[in-house]
Amino acid sequence: MHHNSIADIIRGLNAKDFSSKELTIHLLNRIEQYDSQYNSFITVTREQALAAAEAADKLRMQGNDNHLFCGVPIAHKDIFCTEGIRTSCGSKMLDNFISPYDASVVTRFKQAGAVLLGKTNMDEFAMGSSNENSYYGPVKNPWDTTRVPGGSSGGSAAAVAALLTPGATATDTGGSIRQPAALCGVTGLKPTYGRVSRFGMIAFASSLDQGGPITRSAEDAAIMLGVMAGYDPKDSTSINEPVPDYTATLTDSLQGLKIGLPNEYFSKALNPEIESALQLAIKEFETMGAKVQPIGLPHTDLAVPAYYVIAPAECSANLSRYDGVRYGYRCSEPKNLEDLYTRSRGEAFGIEVKRRILVGTYALSAGYYDAYYSKAQKIRRLIKQDFVEAFKSVDIILGPTAPSPAFSINAKNKDPIEMYLEDIYTISANLAGLPGMSIPVGIVNNMPIGMQLIGNYFQESQLLNAAHQFQLATDWHLKTTQIAA
Amino acid sequence: MAINRSDIEKIAVLARLSISDSELPEVTESIANILTLVDKLQAVNTDGIEPMAHPTDATQPLRSDIVTEQNLRDTFQQIAPATENGLYLVPKVIE
């Protein structure tokens with residue numbers, strides 16, 4: 001039953017092949033049996049899941065299930081606030097935080113009748129590319145438990161790859177959906193900035209953060225995005241654009257689709273084995289009628305430096321709310337108010353979070369603001385303009401998701417810069433606010449690798465269509481179902 | 001722009017963040033490396049380029065000035081470290 005995709009589950013529930021409760025119990029038992037190997041969940045919500053599954057089954061029996069997602073089990077990244085359930089964001093700071101409200105994404109899934117299995121592990125406050133920065137310990141890659149699953153949504157990607165949940169929510173600030181999806185051999189979609197509400201999604205870098213789904217197929221990502229996307233008056237950066245039926249266009253022909261290959265991504269620096277896999281994928285797209293052409297994104301090499309000014313600057317502002325006064329961790333016996341702030345934060349934040357708060361504080365401090373923050377924002381516009389130019393001649397941009405397959409635990413966590421370069425291909429889409437997707441494209445040294453597709457603003461349908469057509473013609477996305485227990 | 005240990009200590013005060021003596025050397029070194037990485041930006045000519053704060057250059061939406069939120073003080077204070085009579089408790093600020 002755990003091999004079922006979300007699309008399979010919906011068909012099975014509709015045909016009454018199984019009930020939501022049967023499926024939910026099966027998945028909860030799998031989590032109990034196998035997750036000690038992966039550590040992909042921080043909290044398992046067994047009782048709530050069983051109650052939600054029973055309620056969904058009842059609605060279906062009465063014919064009152066007004067959403068196709070009714071009774072489908074999922075997991076939420078532990079960055080989404082869930083009322084009455086601990087929402088830790090992977091941090092000691094929020095280890096005791098029982099959210100008093102639901103994120104809008106959580107509300108949407110509840111209203112659709114989804115069943116929440118639990119909250120997935122993540123790098124602390126979504127800062128990391130290996131999931132080694134979690135207060136709850138590292139997540140292990142289900143393909144090889146000596147390796148990282150990627151991050152920051154490593155728990156969501158690992159849980160989906162290990163067939164513990166058919167889909168999970170995730171967030172992406174610099175690659176945190178796409179890179180773990182690539183490293184775990186699953187499908188991940190970061191929508192256009194503003195497409196999915198950020199209300200109740202714990203903030204890291206507000207102008208970059210965006211929620212999206214991690215699933216085992218593009219078809220499932222289309223179904224999940226349909227639940228997640230839409231205008232939310234509670235998020236002032238949410239964009240009031242109609243949400244198309246993402247599943248309706250999956251079967252469209254790719255005849256005449258124009259695909260751009262950035263010279264800067266297909267450079268000498270690209271891992272040759274990943275390049276070979278991408279070349280095969282490009283041939284596959286050409287067979288389906290797509291037209292391929294080289295494009296230039298000349299400011300690509302400035303994306304990582306610009307990001308490591310903008311993201312820490314926004315992080316230092318957002319994380320100033322954790323002061324030990326209203327919720328979260330408080331140090332014991334503070335001497336005075338200053339000591340309360342300083343020690344509560346110092347004792348509860350991990351080293352990477354501290355590093356980014358310090359970099360951001362420095363970049364925003366008097367005398368340095370123009371040289372760092374303002375400069376990085378100007379570069380950000382140059383990076384966006386590269387894409388605006390490119391999308392005048394192509395529909396979709398194709399490239400690698402990550403520079404290499406999953407690396408060993410402890411291989412990169414001593415050198416932050418080496419870790420930051422994991423996101424070298426994914427960061428630009430966040431700076432520009434564009435939708436990006438990662439789908440499995442091959443296996444290198446027994447580990448999966450990902451292909452990234454970047455679309456124009458609000459063109460998620462086009463990305464999902466191209467990814468679905470690729471998955472109809474190939475079976476890389478099905479490999480993870482063969483390795484899982 | 002080289003950064004040293006005392007710079008980091010000053011920034012930590014601004015950020016209200018305690019950094020232990022054992023963390024300081026590693027934090028100083030790694031932040032110096034990050035600043036070297038981002039200094040690459042300085043070489044780019046950005047004359048006449050407007051800083052970009054928001055990916056879609058959207059404007060802030062406005063709404064009517066009416067109360068929409070309920071008062072949930074009791075709910076919120078259930079998860080507070082220390083409260084008394086509906087107030088959040090902190091160490092004494094004024095002697």
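Here is a quick tour of how the chains, domains, helices and strands of this model fit together. Keep in mind that the model is predicted. At the chain level, 54 residues of chain A are in contact with 42 residues of chain B. Inside chain A, the domain assignment gives domain 1 (6-257 + 393-483) and domain 2 (303-374).

**Where chain A meets chain B**

- On the chain A side, 54 residues touch 42 residues of chain B.
- Five helices of chain A each put at least two residues into that side: α9 (303-318), α10 (337-348), α11 (351-364), α12 (369-390) and α13 (416-420).
- The largest share comes from α12(A), which brings 11 residues to the side of chain A that touches chain B.
- Sorted by residue type, that side of chain A has 29 nonpolar, 14 polar and 11 charged residues.

**Two domains in chain A**

- Taken over C-alpha atoms, the centres of domain 1 of chain A and domain 2 of chain A sit 27 Å apart.
- Their contact draws on 27 residues from domain 1 of chain A and 22 residues from domain 2 of chain A.
- On the domain 1 side, α13 and α14 (427-432) of chain A each chip in at least two residues.
- α14(A) gives the most to that side, with 3 residues.
- The domain 1 side of this contact splits into 16 nonpolar, 8 polar and 3 charged residues.

**A helix pair: α7 and α15**

- Helix α7 (residues 218-228) of chain A packs against helix α15 (residues 460-473) of chain A at about 155°, and their axes are 8 Å apart.
- Angles over 145 degrees count as roughly antiparallel, so that is how α7(A) runs relative to α15(A).
- From α7(A), the contact uses Ala218(A), Glu219(A), Ala221(A), Ala222(A) and Leu225(A).
- From α15(A), the partners are Glu460(A), Leu464(A), Ala467(A), His468(A) and Gln471(A).
- By type, the residues of this helix contact come to 6 nonpolar, 2 polar and 2 charged.

**A covered strand: β4**

- Strand β4 (residues 167-172) of chain A is mostly covered, with 6 of its 6 residues buried.
- In a regular strand, side chains alternate between the two faces of the sheet.
- Here both faces of β4(A) are covered: Gly167(A), Thr169(A) and Thr171(A) are buried on one side, and Ala168(A), Ala170(A) and Asp172(A) are buried on the other.
- β4(A) pairs with strand β6 (residues 210-215) of chain A in the antiparallel sense, over 6 bridges.
- Within that pairing, Ala168(A) stands opposite Ile214(A) of β6(A).

Methods
Residues are numbered from 1 along each chain as its sequence is written. Chains are lettered from A and ligands numbered from 1 in the order in which they are written. This is a predicted model: local features need pLDDT of at least 70, side-chain atom pairs count only at pLDDT 80 or more; totals for chains, interfaces and linings use all residues. Two residues are in contact if their C-beta atoms, placed from the backbone, lie within 7 Å. Helices (H or I, at least four residues) and strands (E, at least two) are DSSP runs, numbered from the N terminus. Ala, Val, Leu, Ile, Met, Phe, Trp, Tyr, Cys and Pro count as nonpolar, Asp, Glu, Lys and Arg as charged, and the others, Gly among them, as polar. Domain bounds come from an automatic or database domain assignment. Axes are lines fitted to C-alpha atoms, for helices over the stretch in contact, and angles run from 0 to 180 degrees between N-to-C directions. Angles under 35 degrees count as roughly parallel, over 145 as roughly antiparallel, 65 to 115 as roughly perpendicular and the rest as oblique. A residue is buried if 20 or more other C-beta atoms lie within 10 Å of its own, exposed if 12 or fewer, and partly exposed in between; C-beta atoms are placed from the backbone. Two strands pair if DSSP finds at least two bridges between them.
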